Amino acid sequence: MVKVYVNGVEVEVPPGVPIIEAVEKAGYRVPVLCYLNDFFSEATCRLCVVLVNGRVVPACKFPVSDGAKIVTESRELDTYRRMNFQLLLSTHRIKCWSCLRKTSCSLLDLSKQLNLGEFPVCSECPLTGDDCLVAKGEPCLGPLTAAGCSAECTRNGVPCLGCRGYIEDPELWRDSMRDLYEKHGVDGEKLEAAAKFFWSFLPGELKKIISEVSRDK
Amino acid sequence: MYRGRLNPREVVGEVVSKYGCDRGRLVQILQEIQKTFRYLPRESLEEVSEKLGVSLSEVLNVATFYHQFRLEPVGRYIIYVCFGTACYLRGASEVYEAIRRSAGLSNGRSTTEDGLLTVEKARCFGCCSLAPVAMVLSSDGSERYVHGKLTPQAGRRLVFNYRSKARE
Amino acid sequence: MLTQTSLNRILYGSRGFRIRVPISSCTLAAGAGEVYRKVIKVVEEHGVDAEVYRVGCTGLCFMDPWIELAREGLPPAIYGNVKTEQIEHIIKNYSEGDLSEATAVRFKTGSGGPPALEEVDFWRYQVRYVSRNCGLVDPESIYDYIETGGYLGLKKALYMKQEEVIEVIKTSGLRGRGGAGFPTWLKWKIAYEQKNDVKYVICNGDEGDPGAFMNRLLAESDPHRVLEGLIIAGYAVGATRGIIFVRAEKPLMADRLEKAVEDARKLGFLGKNILSSNFNFDVEVYRSAGAFVCGEETALIAAIEGRSRPRQRPPYPATHGLWGRPTVINNVETLAHVATIFQTGVEEFVKHGTEKSRGTKMFCVTGAVKRTGVYEVPIGTKIKTLVFDLAGGSIEGRKVKAVQIGGPSGGCIPAELMDLEMDYESLQSYGAIMGSGGLVVIDDSNCMVDVAKFFTSFTLAESCGKCLPCRVGMRHLSDLLERLTSGEASLEDIEVAQELGESIARSSLCALGGTAPNPILSTLRYFKDEYVEHVVNRRCPAKVCAKLVKYSVDPALCRGCTQCARVCQVGAISGSPGEVHRINYDICIKCGQCLIACPFGAIKKV
């Protein structure tokens with residue numbers, strides 16, 4: 001057994017195990033995504049980074065060594081985790097409204113853990129397929145509103161009015177959202193009217209998309 | 001040697017029996033196949049995957065990862081324009097453009113329609129002192145020429161020379 | 001050590017007259033092939049009793065192709081930049097004792113005449129330690145190598161115990177010449193202490209850094225030295241098999257090494273019971289299919305195993321390497337140093353270098369300098385010695401702006417810091433790395449943002465795609481630099497680049513990702529004003545970034561030849577023959593073809 005210190009807490013673990021086991025034993029958590037215990041530990045997502053004696057290493061792969069001082073939370077680590085998570089999101093085309101994994105999505109969980117509001121209300125909305133309000137032609141703003149409200153309105157059949165504000169990075173959802181509205185033939189003018197209710201100023205990008213939707217119709 | 005009419009599956013059989021069904025020899029096996037066909041035909045990759053008991057995706061992973069392997073047929077001569085640092089700073093991109101233009105290549109194509117020339121960017125050949133450099137290889141690997149201190153004009157001449165050489 | 005008799009035999013050959021023609025990748029590109037054929041023809045036609053002798057390259061690339069004439073009684077004379085039509089004349093004059101046209105002579109016998117090598121700038125600051133045989137001996141002849149003291153080091157090593165061999169390297173203080181400068185003895189010791197019946201030693205000859213070619217030069221000019229070092233390393237750690245990893249882009253290097261292995265096997269330096277020492281060892285040359293990331297240890301091992309992509313370290317290759325066995329991976333130059341240390345003794349090696357890093361290092365100086373080439377200097381030599389004294393400084397009318405050291409993983413050191421003494425630590429603290437030792441000199445005609453863009457697109461293309469920061473982060477950095485060079489970025493983007501670069505560097509999986517942002521971080525550190533200029537004034541000071549420059553016709557020089565109008569693909573240039581032409585900026589796509597086409601230099605970038 002080797003002794004390591006996780007955020008100052010002393011724990012004993014068998015030699016050679018990955019740091020994450022020591023961290024969990026000490027009662028701390030680090031965000032993980034690609035790591036699947038005993039099945040996949042290639043350390044590719046770099047979200048579980050921790051500091052070991054001042055060096056940035058992935059907790060899921062890096063083995064413990066005797067007397068190692070492990071830090072799981074710091075400003076620096078937080079920056080790297082957020083940065084890497086955002087990089088991951090930048091290649092992820094959000095389509096929560098039609099995603100099968102929406103009820104068990106590690107990305108969503110992580111986004112909540114890291115407090116990054118980059119997902120739409122659809123990720124929390126139980127309505128899918130033909131039940132989806134957009135599919136019914138309603139001007140629902142769910143696909144472009146930041147999640148976190150448990151989708152109370154749409155659960156009860158009321159189209160989302162966007163009271164929580166829009167998602168900040170339009171790069172993430174612009175294409176898929178336009179496809180969605182166009183596919184179901186949602187009225188652009190109605191959409192714009194709905195959006196004006198809470199968003200006294202529409203950011204240029206949103207305005208453009210909404211007007212494109214209404215023009216195409 | 002160039003044996004264009006051979007059956008890829010047979011060739012793979014020969015090569016694999018030479019190296020043995022060893023997963024660790026995958027790169028060498030692919031190199032050998034490429035030597036025969038000048039590129040890696042899809043069928044040959046399938047055969048390799050079967051023979052070695054490795055999934056096709058893994059074979060493709062290796063075949064697409066390394067620069068040497070190509071999945072498309074190539075021209076008789078391949079002109080590699082070096083894009084190393086020294087070559088880049090001394091104007092390799094202008095030479096490359098000139099060569100592509102005079103070879104009549106556009107829209108991301110790298111092989112001319114007559115199948116004589118292929119123009120590609122390459123990593124450093126280690127002839128930085130002669131920057132910008134182009135290396136010309138015949139597709140069967142038997143001929144190798146290096147041209148240094150190129151200019152766009154010299155690049156155009158290069159295309160002309162090798163095109164007429166390829167026609168012979 | 002080389003005795004005078006051996007030296008004479010090597011210099012003049014058995015017939016007393018040797019004509020050296022360098023045959024290596026770079027000299028061949030410069031036309032050494034034709035020179036070689038011509039020399040043979042002249043010698044045959046004129047009945048000159050001389051032996052035409054193929055050697056490797058000296059590293060003095062700026063005078064390629066060169067030939068060296070050495071006849072007993074005359075100082076061996078080197079002729080640089082020879083043309084085939086001069087050869088007859090040169091051989092005739094030299095035979096008659098007229099050396100006046102030579103660039104330099106190896107040593108002087110009298111006063112006057114061309115300068116000796118010790119007197120010329122490009123030679124006298126050098127300490128030719130590992131590169132001593134380059135350009136002197138036939139790389140394909142094992143006997144010539146033995147004549148220069150070759151395989152004597154191996155013999156010495158085999159008389160010692162394994163620990164003693166490691167101890168010798170420890171006292172020498174040799175550090176890895178491939179980049180990070182890890183102590184060689186420590187790597188060996190860890191592998192030596194592993195209890196395993198199969199161990200491997202690998203010679204890393206991947207050398208993917210654009211701008212670095214000392215390993216190719218060394219292995220092409222003196223392959224046996226590298227091989228001898230590898231055998232000694234194999235003996236020290238108790239390995240049974242060695243692998244020389246060479247990339248496919250360097251075929252001649254692989255051919256020469258293969259020939260060396262074959263010859264060494266024939267003479268019993270490889271195989272079973274080497275020199276009756278009970279040590280069994282064999283070497284195989286492995287031709288890599290070429291990927292930059294293979295320079296990284298774990299990726300190199302993966303490549304040999306027929307896979308791709310690096311993995312997280314630890315475990316380090318010294319404990320779990322090729323096929324899970326203890327593996328030592330050493331750079332070509334490191335192994336050549338090992339062989340030379342055993343041949344000449346440690347004292348000779350430790351004479352040079354700094355306290356922390358002993359010995360010499362080969363540096364490739366390329367880019368905007370007068371004398372590009374490979375120079376071997378003691379570690380701790382000032383950058384300016386290399387750039388100005390050895391390489392002759394910038395090309396006429398230009399000013400050296402920065403030196404890029406260490407390839408795509410390295411950084412740019414500005415001209416103000418030319419006094420910096422180059423060793424592993426000092427370079428790191430200034431944001432560059434020693435890397436394999438490639439120096440690319442950048443002058444004021446190059447834009448630093450463009451340089452950063454070049455390296456970023458290089459590493460982006462070479463990223464294996466395994467870990468997230470390198471795969472996606474480099475894409476963002478590359479896009480960002482693309483925006484910067486087209487004048488579409490904001491000042492905020494520069495901050496983002498800095499933050500993102502630091503994050504990638506710290507959180508990537510392997511050394512490639514860990515050093516990939518170095519070019520952008522170091523240019524941001526020393527040349528932020530250029531970045532700001534691109535953003536604020538939308539101007540590229542060096543007039544490189546295509547979207548920020550404008551082409552215009554100088555009416556004083558234009559003769560109306562219509563060349564430019566003909567090459568313009570979008571028809572932006574108008575004017576009838578004999579008249580000054582005009583460029584319509586609304587249509588111009590700034591492809592720059594007109595500038596290349598104009599025979600009078602009338603088209604200028606503004």
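A polar contact is a pair of N or O atoms within 3.5 Å; within protein, one of them must be able to donate a hydrogen and the other to accept it. Keep that handy for the exercises below, and remember that you're looking at a predicted model.

**Exercise 1. Work out how chain C and chain A meet: how many residues take part, and how many residue pairs are in polar contact across the interface?**

Step 1. Start with the head count. Chain C brings 19 residues to the contact, and chain A brings 23.

Step 2. Now look at the area. About 1,800 Å² is buried between chain C and chain A, and carbon and sulfur atoms give 62% of it. On the chain C side, C:Gln312, C:Leu468 and C:Arg506 supply 36% of the area that this chain buries against chain A, more than any other three residues.

Step 3. Apply the definition from the top. Across this interface there are 9 residue pairs in polar contact, with both residues at pLDDT 80 or more.

Step 4. Ask which elements of chain C do the touching. Helix 19 (468-485) and helix 20 (491-507) are the ones that give two or more residues to the side facing chain A. Helix 20 of chain C gives the most, with 6 residues.

Step 5. Sort that side of chain C by class, and you get 8 nonpolar, 6 polar and 5 charged residues.

**Exercise 2. Find the salt bridges between chain C and chain A: how many are there, and which residue pairs with A:Glu42?**

Step 1. The cut-off to use is a side-chain nitrogen of Lys or Arg within 4 Å of a carboxyl oxygen of Asp or Glu.

Step 2. With that rule, the interface of chain C and chain A has 2 salt bridges.

Step 3. One of them joins A:Glu42 to C:Lys466, and their closest N and O atoms are 2.5 Å apart.

**Exercise 3. Do the job again for chain B and chain C: what area do they bury, and which residue forms a salt bridge with B:Arg25?**

Step 1. Count first: 39 residues of chain B and 57 residues of chain C are in the contact.

Step 2. The two chains bury about 3,800 Å² between them, with 56% of it on carbon and sulfur atoms.

Step 3. The rule finds 1 salt bridge here. B:Arg25 pairs with C:Glu284, the closest N and O atoms being 3.3 Å apart.

Step 4. Chain B and chain C also have 10 residue pairs in polar contact, both residues at pLDDT 80 or more.

Step 5. Several elements of chain B supply at least two residues each to the side that touches chain C, among them helix 2 (26-37), strand 4 (144-147) and helix 7 (152-167). By class, that side of chain B holds 18 nonpolar, 12 polar and 9 charged residues.

**Exercise 4. Describe the build of chain A: is it spread out or a compact globule?**

Step 1. List the parts: chain A has 7 helices and 5 strands. Along the sequence they run β-β-α-β-β-β-α-α-α-α-α-α.

Step 2. Compare sizes. The radius of gyration of chain A is 21 Å, well over the 17 Å that the globule rule gives for 217 residues, so chain A is more spread out than a compact globule.

Step 3. For the outline, its C-alpha atoms fill a box of roughly 65 × 30 × 25 Å along the principal axes.

Note on methods. Residues numbered from 1 in each chain as written. Chains lettered and ligands numbered in written order. Predicted model: local features only at pLDDT ≥ 70, side-chain atom pairs only at ≥ 80, totals over all residues. Heavy atoms only, no water. Contact = heavy atoms within 4.5 Å. Buried area = accessible area lost by both parts, 1.4 Å probe. Polar contact = N/O pair within 3.5 Å; in protein donor to acceptor, adjacent residues only side chain to side chain. Helix = DSSP H or I, 4+ residues; strand = E, 2+ residues; numbered from the N terminus. Nonpolar A, V, L, I, M, F, W, Y, C, P; charged D, E, K, R; others polar. Rg over C-alpha atoms; globule rule 2.2 N^0.38 Å.
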